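Reader: Could you walk me through the ring contacts and the sheet in this one? I'd like the reasoning along with the numbers.

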Amino acid sequence: MSKAEIDTLTAEFFGSFDNRGKKAADVARLRRLMLPGGVIVVTEPEYAAYTVEEFIEPRERLLADGRLVEFSEWETSERTYITGSIASRSGEYRKAGILDGEPLEGGGAKTIQFVRTPAGWRIAAFAWFDRP
């Protein structure tokens, strides 16, 4: 059951950024999917570390202001390791959309750390890098 729950949580995570078909992206959903003190890190193309709130605000704006449209991200491969009430998932992902009127395509790798809380599985941290 834990793997299925983590699969669902991961799909919700990737779905948070989807604004295809004029649908509003639900980046705020990350507040429910993550622990309040969760840590978010990007290593490439430029290193940055964020709190949950620092991560959400600029992405909400970008996905709602019309600059980035028809955007989605999805996993293309994954490995999930579960030990008791902790889990780690590493995988590759792709993304596509239209940024400032130009096609945007790319991908990279993400790693997500999960913990089982009294309310169910939540993301404690995630990190990623984008390939050029």
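Author: Sure, and keep in mind that this is a predicted model. One definition before we start: contact means heavy atoms within 4.5 Å, and angles run from 0 to 180 degrees between N-to-C directions, with axes fitted to C-alpha atoms.

Reader: Then at what angle to strand 1 does helix 3 run?

Author: Helix 3 covers residues 52-64, and strand 1 covers 34-44. The helix lies across strand 1, strand 2, strand 3, strand 4 and strand 6. Its angle to strand 1 is about 70 degrees.

Reader: Which strands stand at the edges of the sheet?

Author: The sheet is open, with six strands in the order 2-1-6-5-4-3 and mixed pairing. Each edge strand has a single partner, so one side of it is left without a neighbour in the sheet. Those are strand 2 (48-50) and strand 3 (68-83).

Reader: And by how much are neighbouring strands turned against each other on average?

Author: Direction is ignored for this number. The average turn between neighbouring strands of this sheet is 20 degrees.

Reader: What is the bridge partner of Val115 in strand 6?

Author: Strand 5 (residues 102-117) runs antiparallel to strand 6, and 11 bridges join them. In strand 6, Val115 is partnered by Arg122.

Reader: On to the rings. How many aromatic pairs are there, and is the pair of Phe13 and Phe126 stacked or edge-to-face?

Author: The count comes to nine aromatic pairs. For Phe13 and Phe126 the centres are 4.7 Å apart and the planes stand at 70 degrees. Planes over 60 degrees apart fall in one class, so this pair is edge-to-face.

Reader: How many residues apart in sequence are the parts it ties together?

Author: Phe13 counts as buried at 0% relative accessibility, and Phe126 is buried too, at 3%. Phe13 lies in helix 1 (residues 2-15) and Phe126 in strand 6 (residues 120-131), so the separation between those parts is 113 residues.

Reader: What about Phe14 and Tyr93: how is that pair classed?

Author: Phe14 is in helix 1 and Tyr93 in strand 4 (residues 86-99), 79 residues apart. Phe14 is buried at 6% relative accessibility, as is Tyr93 at 2%. With 6.3 Å centre to centre and 45 degrees between the planes, the pair is tilted.

Reader: Which residue lies over the face of Tyr93?

Author: Tyr93 belongs to a ring cluster that also includes Trp128. A charged end sits over the ring of Trp128, 5.7 Å from its centre, and it comes from Lys110. Over the face of Tyr93, at 4.6 Å from the ring centre, lies Lys110.

Terms used
Residues numbered from 1 in each chain as written. Predicted model: local features only at pLDDT ≥ 70, side-chain atom pairs only at ≥ 80, totals over all residues. Heavy atoms only, no water. Phe/Tyr/Trp six-rings, centres within 6.5 Å; stacked < 30°, edge-to-face > 60°. Helix = DSSP H or I, 4+ residues; strand = E, 2+ residues; numbered from the N terminus. Buried < 20%, exposed > 50% of the residue type's maximum accessible area, 1.4 Å probe, protein only. Lys NZ or Arg CZ within 6 Å of the ring centre and 35° of its normal. Pairing = 2+ DSSP bridges.
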